[in-house]
Amino acid sequence: MDSLSSLASLTPEQFFGGVTKAGKALAAAEKKGNVPKTKNFDFSVQETCCVCQKNITPPLKVLRCSACRAPIYCGRECATKHWKYPPPQPPGSIPGPTHKELCPANKRHMERREYYDGVLKSFPWGRLESDATFSFDIARGRFGVFGGTGTGYWSHRGGPIPHSNRGVMESMLASSPYGATIMKAFAAFDHTDGADLLGARHLTDVQGWKLEPAFLPYLNFPSADKRPALVTSALNSWDEWYQWRKLPKESPAALLMSFPMTVYRLLVHCLEVTGPTEASADKRRALSVHLLGAEVELNYLPLFAELALLLPYHDIQLVVFGSGAETLVTAAKKKPSSLVAKSSLTTPVYDYTAPKECGASKIAIHIYGDSPSWSPSATTRPPDALVACNAGIFSYREWEPVVQEAHRRDIPFAVTEYAEQSAEHTSNNLGMLVARGGGRPRKVEEYTIETNPFHRPGQRPIPLYRLPNLVNGFTIVVVKTSSTPLTTMSELASSIADLD
Ligand SMILES: [Zn+2]
Ligand SMILES: [Zn+2]
């Protein structure tokens, strides 16, 4: 109860201010060459046993599976239980796999840690905590861009309620004796994703990024030397992007640019619906993209104009769908002079034209607010691609009709997932989802999983295990136009039989 009452009395100013102070103190210590090893500068998460959910504090020591090093246990008893018995499931459902069954795959997943940790460590602000997690909050704090509404593109809920989809939690809390206390804290930290679009004018590059000028990937270039060169081949890493953008790796821009760059990756590399040399000054290319399940993306929608710089001679329409989009459009009804209220599916909420030296592409961004779900007929021109970041295909039922419709209409569709284990679960079970809707699945191999070079650097602070788990960590192809549906009944049957 102690921590709960202190949560309720914590103001956003105290919370955000505290993190910013800690982040800046860390940056100052590093600057002096005093890379701190003390506990004062350790922003690890409280490690928790993945079996009994007990916090592991002294005298208990963190125990990990000796074969894969992934799951975290409080002791031998829990480790043995995890190895032999499936974790408890709701009554009537199929028991999940035991760790014995998952261990070889987890060992393979753990081999990716080196790559992901290496990407993080290539940034001067990229610091692994003692438990091998990355503190996104502290990283923003050191640049003074951690806070709720009113912190430009960095605006977010943060604090004790980082995720906007809290419907389930609210219904659980209704029956909890602490519900009222927690709801009070929720209200204090509330933030509408995309709140800046409820204003009458867009933020400038400087107002949005709130960073020193050398760290900004400008869209409206203050001088020719800030302008990136015409793109002639696809970019495949943060290093290539920073170089092209003429930014030092000291800039934390990757922390936000992961979302637009991931959309670029999905379109160009995973789905191959277009590319940097697909169009020319004489032969422009139209491209319509539906971005589904958007939440945090709404806080920095103009940053998706990066697509216009990356894809020369394109005319891009980007339509944003999701419950966050609907919430924003609903909120805008009370603000008739806001950017959102004045926008529609024919009038973009934001538009941008790249300089002629960069290929003069145009992008028009629209927000779909009629419902929280995707509507394939929202735009007159059918989408060339559907994309979603951190989709959680098997965590949210809302994806089922989208997956089925994309297969039925053969619309290219790709998403990202946080963890390889969930990506593999998705890939292995997509066929079942498609068949359930009467559609024809693709071969499992065509639901390709890859590491995403434009993941948000840094391991998410997951207290239960150490499997790579990152924002936009892994890409999965759901439908690619070159893929062929399974046609024979035996192929269909075997693909479904594979699903256990
Ligand atoms: Zn335990
Ligand atoms: Zn293991």
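Reader: Which residues touch the most other members of the largest nonpolar core?

Author: Happy to start there, with the reminder that this is a predicted model. The largest nonpolar core has 103 residues, and helix α11 (residues 254-270) gives the largest share of this core, 12 residues. The residues that touch the most other members are L267, L307, V320, I363, V387, A414 and V478.

Reader: Then how many residues are in the second, separate core?

Author: This second core stands apart from the one just described. Its members include C50, C65, A70 and M110. The number of residues in the second core is 13.

Reader: Back to I363: which residues does I363 touch, not counting residues up to four places away in sequence?

Author: Let's begin with the pairing, where I363 in β6 has I316 standing opposite. I316 is also on the contact list of I363. Leaving out residues up to four places away in sequence, that list reads F304, A305, L307, A308, I316, L318, D351 and Y352.

Reader: Is strand β6 largely enclosed by the rest of the structure, or is it open, and why?

Author: Good thing to ask of a strand with six residues, 362-367. Five of the six are buried. Because of that count, β6 is largely enclosed by the rest of the structure.

Reader: Which strand pairs with β6 in the parallel sense, and over how many bridges?

Author: There are two pairings to keep apart here. Strand β5 (residues 350-353) and β6 run antiparallel and are joined by four bridges, so the parallel partner has to be sought elsewhere, and it is strand β4 (residues 314-320), over six bridges.

Reader: Which residues stand opposite I365 in β6?

Author: One comes from each pairing. Strand β5 covers residues 350-353, and Y350 stands opposite I365. Strand β4 covers residues 314-320, and L318 stands opposite I365 as well. The names are Y350 and L318.

Reader: Which strands stand at the edges of the sheet, and why is one side of each left without a neighbour?

Author: Eight strands form an open sheet with mixed pairing, in the order β5-β6-β4-β3-β7-β8-β10-β9. Two of them have a single partner strand each, so one side of each is left without a neighbour in the sheet. From one strand to the next the twist averages 20°. The edge strands are β5 and β9 (449-451).

Reader: At what angle do the axes of helix α14 and helix α15 cross?

Author: As background, two packed helices are described by the angle between their axes and the distance between the axes. Here the axes of α14 (residues 399-409) and α15 (residues 420-436) come within 9 Å. The crossing makes α14 roughly perpendicular to α15, and the angle is roughly 80°.

Reader: Which residues make that contact, and how many are nonpolar?

Author: Helix α14 brings E400, V403, Q404 and H407, while α15 brings L430, L433 and V434. Two of the contact residues are polar and one is charged. The nonpolar ones number four.

Reader: Which strands does α15 lie across?

Author: The helix runs at about 140° to one of them, β8 (413-419). In full, α15 lies across β8, β9 and β10 (469-479).

Reader: N472 and Q53 both have a positive phi; which is buried and which is exposed?

Author: Phi is near 55° for N472 and near 65° for Q53. N472 is found in strand β10, whereas Q53 lies in the loop between α2 and β1. Within 10 Å there are 23 other C-beta atoms for N472 and 11 for Q53. Therefore the buried residue is N472 and the exposed one is Q53.

Reader: Where is there a cis peptide bond?

Author: Look at the loop between α2 and β1 (63-64), the place of P59. Omega is about 10° at this bond. The cis peptide bond joins P58 and P59.

Reader: Is E326 buried or partly exposed, and why?

Author: E326 lies in helix α13 (residues 323-332). Beyond its neighbours within four places in sequence, E326 is in contact with G369, S371 and P372. Because E326 has 17 C-beta neighbours inside 10 Å, it counts as partly exposed.

How values were computed: Residues numbered from 1 in each chain as written. Chains lettered and ligands numbered in written order. Predicted model: local features only at pLDDT ≥ 70, side-chain atom pairs only at ≥ 80, totals over all residues. Helix = DSSP H or I, 4+ residues; strand = E, 2+ residues; numbered from the N terminus. Buried ≥ 20, exposed ≤ 12 C-beta atoms within 10 Å, placed from the backbone. Contact = placed C-beta atoms within 7 Å. Core = buried A, V, L, I, M, F, W, Y, C linked by C-beta atoms within 7 Å. Pairing = 2+ DSSP bridges. Axes fitted to C-alpha atoms, helices over the stretch in contact; angles between N-to-C directions. Parallel < 35°, antiparallel > 145°, perpendicular 65-115°, else oblique. Nonpolar A, V, L, I, M, F, W, Y, C, P; charged D, E, K, R; others polar.
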